[in-house]
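Reader: I would like a close look at one part of this model, the place where the ligand is held. Please describe what surrounds it and which contacts are made there.

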Amino acid sequence: MTNQDLAALRQNILSVQERIARAAEKAGRKPEDIRLVAASKMNDAERVKAAIANGIRIAGENRVQELLEKFEAHAYDGASLHFIGTLQTNKVKYLIGKTDLIHSVNSDKLGQAIAKEAGKKGLCQDVLIEVNIGNEQSKSGIDPQDLDRTIENLCQLSGIRIRGLMAIPPISNQCGGNLHYFDRMRQLFIDISQKKYDNVSMDYLSMGMSGDFEDAIACGANMVRVGTAIFGLRPYMMK
Ligand SMILES: *Cc1c(COP(=O)(O)O)cnc(C)c1O
């Protein structure tokens with residue numbers, strides 16, 4: 001990394017932290033109650049390490065192979081590691097013991113596979129349930145109307161602990177275009193909290209990315225996943 005890259009990364013982190021703090025205050029919440037997950041896909045170990053040296057406390061990865069390579073390179077030392085991407089059941093075993101939180105439980109089958117693998121290792125894996133809040137055919141996640149049934153199924157398993165909900169709303173190119181989805185997520189989050197399922201604690205509501213994390217915070221997000229606003233454009237975004 002050049003000095004210039006490093007300076008830009010530092011500046012981006014400060015700026016995102018500042019924007020989060022302002023959004024939190026505007027919503028009557030404390031800045032420290034919002035957790036920032038740096039979505040580091042396609043950024044190499046050196047850049048991830050630099051982000052952690054400059055204030056990032058949680059790294060979020062999308063692909064298992066990429067996570068394992070960077071893990072081997074000690075990219076995440078000193079930080080917490082989250083998995084935020086689509087996860088295939090046959091790859092679960094590579095994550096257990098490494099990830100503090102898996103955001104993307106999008107089926108009962110995946111939740112069961114996580115519980116099983118964690119159980120084998122004598123661990124309990126914290127997870128979020130991914131909700132398909134836009135009811136999009138093309139997107140993964142549990143449909144809102146099936147959420148209670150999935151939570152009832154998974155909360156009985158001993159190798160897994162449900163800590164909240166995650167959503168990736170439909171792509172919107174309009175400012176504020178996702179407020180409606182974020183608001184529905186907040187309602188679901190509150191509904192589930194009030195039902196007081198055993199072994200479920202609704203601690204985290206993970207929503208909001210570079211383009212809309214302030215809106216997500218306004219609607220109750222306490223975990224935001226930010227990639228490009230921290231690391232800059234990913235290679236495939238540069239045309
Ligand atoms: C890449 C990614 C993000 C961050 O997206 P940006 O728009 O780059 O901030 C957040 N969540 C998930 C699941 C992602 O894959």
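Author: The ligand occupies the largest pocket of this predicted model. Around the ligand stand Ala 39, Lys 41, Asn 62, Ile 84, Ile 168, Met 209, Ser 210, Arg 225, Val 226, Gly 227, Thr 228 and Arg 234. Sorted by class, this shell consists of five nonpolar, four polar and three charged residues.

Three of the shell residues can be described through their polar contacts with oxygen atoms of the ligand. Ser 210 contributes through its side chain, where a polar atom lies 2.5 Å from a ligand oxygen. Gly 227 contributes through its backbone: an N or O atom there is 2.8 Å from an oxygen atom of the ligand. Thr 228 also uses a polar backbone atom, and the distance to a ligand oxygen is 2.9 Å. On its own the ligand would expose 390 Å², and the protein buries 89% of that area.

As for the protein around this site, its secondary structure amounts to nine helices and eight strands. The C-alpha atoms fill a box of roughly 50 × 40 × 35 Å along the principal axes. The radius of gyration is 17 Å, which agrees with a compact globule, because one of 239 residues would have a value near 18 Å.

How values were computed: Residues numbered from 1 in each chain as written. Predicted model: local features only at pLDDT ≥ 70, side-chain atom pairs only at ≥ 80, totals over all residues. Heavy atoms only, no water. Near = heavy atom within 4 Å. Polar contact = N/O pair within 3.5 Å; in protein donor to acceptor, adjacent residues only side chain to side chain. Areas by Shrake-Rupley, 256 points an atom, 1.4 Å probe, with all protein chains shown as cover. 1 Å grid on protein atoms, 1.4 Å probe; cavity = no way out; pocket = protein on both sides within 12 Å on 5 of 7 lines; lining within 4 Å. Sits in = over half its atoms within 2 Å of the grid points. Nonpolar A, V, L, I, M, F, W, Y, C, P; charged D, E, K, R; others polar. Helix = DSSP H or I, 4+ residues; strand = E, 2+ residues; numbered from the N terminus. Rg over C-alpha atoms; globule rule 2.2 N^0.38 Å.
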